[in-house]
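Below are a few notes on one helix and one pocket, set out point by point. Please read them alongside the coordinates.

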Amino acid sequence: MFKKFSEKDITYVLTIRVSDFTPWILERIKFCLNFYEPCPKILILDFGSEEKYSLFIEDECKKSNATYVKINDTSTFSASKAKNLAFKYVTTDLILFSDIDCVFSRDIFQTLAKDATLLEFNVNPRRYITFPVIHLAENISKDFEELEPLDKGKYIR
């Protein structure tokens, strides 16, 4: 049975913990919630942020119609544990687990939906797509942060 996937069949999952040591994550959350077009469903699993930060994150998620899940965990942050917990909150057929410091082209979710259709993910549920991550040096990251959203998309291309 053929299924044509769209970005609405994908949940973009970000697992985070914001503290006084990682306040930059707040700006990156706002970026991730508003950059991608077309936009998939978004789930942010907050794995133990301090309350002053979690209130901000929850508010940003509400503004962007993203799902926010807070899990109070004060042990050492574990991205893999957080991603395993996030899985139970996903309601779509497809998932993109990502770290908060990864940035993709603006249309990545449209591209992934086309690829999932082409690769017949609906009849091959164990298939997955991997793609490269490019690490930017600190000075280049700072330049990137100062760009307007459309220019960021061009920069990534």
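1. The model is predicted. Directly after helix α2, Asn65 has a positive phi of about 60°.

2. Helix α2 covers residues 51-63, which makes 13 residues. At 1.5 Å a residue the helix should span 18 Å, and its end C-alpha atoms lie 18 Å apart, so the expected and computed lengths agree.

3. The buried residues of α2 are Tyr53, Ser54, Ile57, Glu60 and Cys61. Viewed down the helix axis, they fall within an arc of 125°, and therefore line one face of α2. An α-helix has 3.6 residues a turn, so residues three or four places apart point the same way. Note that Glu60 is on the buried list.

4. On the other side of α2, Glu51, Lys52, Lys62 and Lys63 are exposed.

5. What packs over the buried residues of α2? The cover includes the strands β1 (10-16), β2 (41-47) and β3 (67-71), together with helix α1 (24-35).

6. The second largest pocket holds about 690 Å³ of space. Its lining consists of 24 residues, and those nearest the pocket centre are Ile95, Leu96, Phe121, Tyr128 and Ile129.

7. Two elements, β4 (94-98) and α4 (108-118), each give two or more residues to the lining of this pocket. Strand β4 gives the most, with five residues.

8. By class, the lining of the second largest pocket is made up of 17 nonpolar, four polar and three charged residues.

Note on methods:
Residues numbered from 1 in each chain as written. Predicted model: local features only at pLDDT ≥ 70, side-chain atom pairs only at ≥ 80, totals over all residues. Heavy atoms only, no water. Helix = DSSP H or I, 4+ residues; strand = E, 2+ residues; numbered from the N terminus. Expected span 1.5 Å × (residues − 1). Buried < 20%, exposed > 50% of the residue type's maximum accessible area, 1.4 Å probe, protein only. Arc of directions from axis to C-beta. Contact = heavy atoms within 4.5 Å. 1 Å grid on protein atoms, 1.4 Å probe; cavity = no way out; pocket = protein on both sides within 12 Å on 5 of 7 lines; lining within 4 Å. Points joined across faces, edges and corners; volume = space filled by probe spheres on them. Nonpolar A, V, L, I, M, F, W, Y, C, P; charged D, E, K, R; others polar.
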